[in-house]
Amino acid sequence: MNEHDRVKYLRIAMVLVGVVFIFGIWPLTILWPSGWSWHTGGRSNYLEMILGIYATLGVFLVMASRDPLANRSLIWFTVWSSVVHGVIMGAQALT
């Protein structure tokens, strides 16, 4: 795969992840509350804060997809923060 194709697929991935962060997490809290909403009904300040953070990150990913090579730090922040988040949640699920 050449450099042009890799950048093209990176752009597509950034847009898809960005759109999921913007529009996809909130519906998951309704469809699968025990896995996504972390509370039992009613309003959750924590959930609203997390949705706001992920939606903001999603907007910036979509914007950065125009020139991914100039936005590597945002890409790596998204990757590594998601890995750390997953490891912490996995450890918490096991305990």
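Leaving aside its neighbours within four places in sequence, with which residues is Thr78 in contact? In this predicted model, local features need pLDDT of at least 70 and side-chain atom pairs count only at pLDDT 80 or more, while totals for chains, interfaces and linings use all residues. Residues are numbered from 1 along each chain as its sequence is written, and side-chain values use heavy atoms, with hydrogens and water left out.

Beyond that sequence window, Thr78 is in contact with Phe21, Leu57 and Leu61, contact meaning heavy atoms within 4.5 Å. Thr78 belongs to helix 4, residues 72-94; helices (H or I, at least four residues) are DSSP runs numbered from the N terminus. Thr78 counts as buried because its relative accessibility is 8% (buried, under 20% relative accessible area; exposed, over 50%; partly exposed, in between; 1.4 Å probe, protein chains only). The Thr78 side chain also reaches the backbone oxygen of Leu74 at 2.9 Å.

The largest nonpolar core comprises 12 residues, namely Met14, Phe21, Ile25, Leu47, Ile50, Leu51, Tyr54, Leu57, Leu61, Ala64, Leu74 and Ile75. Such a core is a set of buried Ala, Val, Leu, Ile, Met, Phe, Trp, Tyr and Cys residues joined through side-chain atoms within 4.5 Å. At least two residues of this core are supplied by each of helix 1 (3-31), helix 3 and helix 4, and helix 3 provides the largest share, seven residues. Apart from neighbours within four places in sequence, Ile75 is in contact with Leu10, Met14 and Pro68.

On the surface, Trp38, Tyr46, Met49, Ile53 and Met89 make a nonpolar patch of about 480 Å². Patches consist of residues with over 30% relative accessible area and no salt bridge, nonpolar side chains (Val, Leu, Ile, Met, Phe, Trp, Tyr) being joined within 5 Å and like charges within 9 Å; accessible areas come from the Shrake-Rupley method with a 1.4 Å probe. Helix 3 (residues 45-64) gives the most to the patch, with three residues. Ile53, found in helix 3, is partly exposed because its relative accessible area is 47%.

One salt bridge is found in a search of the whole structure, the term denoting a side-chain nitrogen of Lys or Arg within 4 Å of a carboxyl oxygen of Asp or Glu. The side chains of Arg6 and Glu3 meet in a salt bridge at 2.6 Å, N to O. Both residues lie in helix 1, three residues apart, about one turn of the helix. Arg6 counts as partly exposed at 46% relative accessibility, and Glu3 is partly exposed with a relative accessible area of 42%.

Notes. A polar contact is a pair of N or O atoms within 3.5 Å; within protein, one must be able to donate a hydrogen and the other to accept it, and residues adjacent in sequence count only if both atoms are side-chain atoms.
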